[in-house]
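Student: Please take one part of this structure and examine it closely. I should like a connected account that begins with the pairing of strands and then turns to burial, contacts and surface.

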Amino acid sequence: MKILKLILKILGFALAAAFAFLIVFIVSFNMSMGDEFKKDRFLGEYTSPDETHVCSARIAGNGITAPWTVVAQVKGKGIFWKRTIYVAKHLDEAIVIWLDDRTVWINGVSLDIYKDKYVSDISITSEP
């Protein structure tokens with residue numbers, strides 16, 4: 001009986017130590033890598049030629065647990081809140097050029113800001 005209590009006591013201390021180690025590991029990992037995992041990276045804002053719309057581009061994801069994803073959204077006259085017009089995985093940069101007052105070119109894709117939306121897993125690098 002005494003041996004069983006001793007074994008249970010040792011097992012309890014070992015489990016408590018393993019649990020404490022796990023908690024310390026998770027907290028220290030989040031402190032060291034937390035900013036990289038939690039925040040999107042802002043790439044820029046691009047104003048239309050008539051200055052009525054703004055296209056903002058950012059990188060979502062962290063490249064480790066999720067692929068880099070470029071997301072572009074437009075806001076301005078005739079658009080309620082923000083409209084996502086471009087989502088492309090496996091990219092970490094965006095080239096944004098306004099072609100006219102309602103057409104924007106993003107990484108090789110020409111989009112009408114009121115009608116079009118582009119979603120892809122393939123990276124595109126052609127020039128306009």
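**A strand and its surroundings**

Tutor: Strand S5 (residues 96-98) and strand S6 run antiparallel and are joined by three bridges. Strands, of at least two residues (E), and helices, of at least four (H or I), are DSSP runs numbered from the N terminus, and two strands pair if DSSP finds at least two bridges between them. The model is predicted, so local features need pLDDT of at least 70 and side-chain atom pairs count only at pLDDT 80 or more, while totals for chains, interfaces and linings use all residues. Residues are numbered from 1 along each chain as its sequence is written, and side-chain values use heavy atoms, with hydrogens and water left out.

Within the pairing of S5 and S6, tryptophan 105 of S6 has isoleucine 97 opposite. The connection from S5 to S6 is a hairpin through four residues. On its other pairing, S6 is joined by four bridges to strand S7 (residues 109-112), again in an antiparallel arrangement. Here valine 104 stands opposite leucine 111 of S7. S6 and S7 form a hairpin with two residues between them, and asparagine 107 in that turn has a positive phi of about 45°.

What do the side chains of S6 do? In a regular strand, side chains alternate between the two faces of the sheet. In S6 (residues 103-106), Thr103 and Trp105 point one way, Val104 and Ile106 point the other way, and all are buried. Buried means under 20% relative accessible area, exposed means over 50%, and partly exposed lies in between, with a 1.4 Å probe and protein chains only.

Val104 and Ile106 lead to the interior. Together with Ile85 and Tyr86, they have the most contacts inside the largest nonpolar core, which has 19 residues. Such a core is a set of buried Ala, Val, Leu, Ile, Met, Phe, Trp, Tyr and Cys residues joined through side-chain atoms within 4.5 Å. The elements giving two or more residues to this core are strand S2 (53-60), strand S3 (69-76), strand S4 (79-89), S5, S6 and S7. S4 supplies the largest share, four residues. Beyond its neighbours within four places in sequence, isoleucine 85 is in contact (heavy atoms within 4.5 Å) with Ala72, Val74, Val104, Ile106, Leu111, Ile113, Asp116, Lys117 and Tyr118.

The S5 to S7 region also contains the one salt bridge of the structure, a term for a side-chain nitrogen of Lys or Arg within 4 Å of a carboxyl oxygen of Asp or Glu. In this salt bridge the side chains of aspartate 112 and arginine 102 meet at 3.0 Å, N to O. Because aspartate 112 lies in strand S7 and arginine 102 in the loop between S5 and S6, the pair ties together parts that are 10 residues apart in sequence. Aspartate 112 is buried at 11% relative accessible area, whereas arginine 102 is partly exposed at 37%.

The loop between S4 and S5 holds histidine 90. The phi of histidine 90 is near 65°, a positive value in a residue other than glycine, and its relative accessibility of 49% makes it partly exposed.

S2, a contributor to the core, has its own pairing: six bridges join strand S1 (residues 41-47) to S2, and the two run antiparallel. Serine 56 of S2 is the bridge partner of glutamate 45. Serine 56 counts as buried at 15% relative accessibility. Leaving out residues up to four places away in sequence, serine 56 touches Phe42, Gly44, Glu45, Val71, Ala72 and Gln73. Of these, glycine 44 is 12 residues away in sequence and 5.7 Å away in space, C-alpha to C-alpha. The S1–S2 hairpin has five residues between its strands, and glutamate 51 in the turn has a positive phi of about 60°. Glutamate 51 is exposed, with a relative accessible area of 65%.

Finally, the surface. Ile3, Ile7, Leu11 and Leu15 form a nonpolar patch with about 420 Å² of accessible area together. Accessible areas come from the Shrake-Rupley method with a 1.4 Å probe, and for residues only the protein chains shown count as cover. Patches consist of residues with over 30% relative accessible area and no salt bridge, like charges being joined within 9 Å and nonpolar side chains (Val, Leu, Ile, Met, Phe, Trp, Tyr) within 5 Å. Isoleucine 3 belongs to helix H1 (residues 2-38) and is exposed at 62% relative accessible area.
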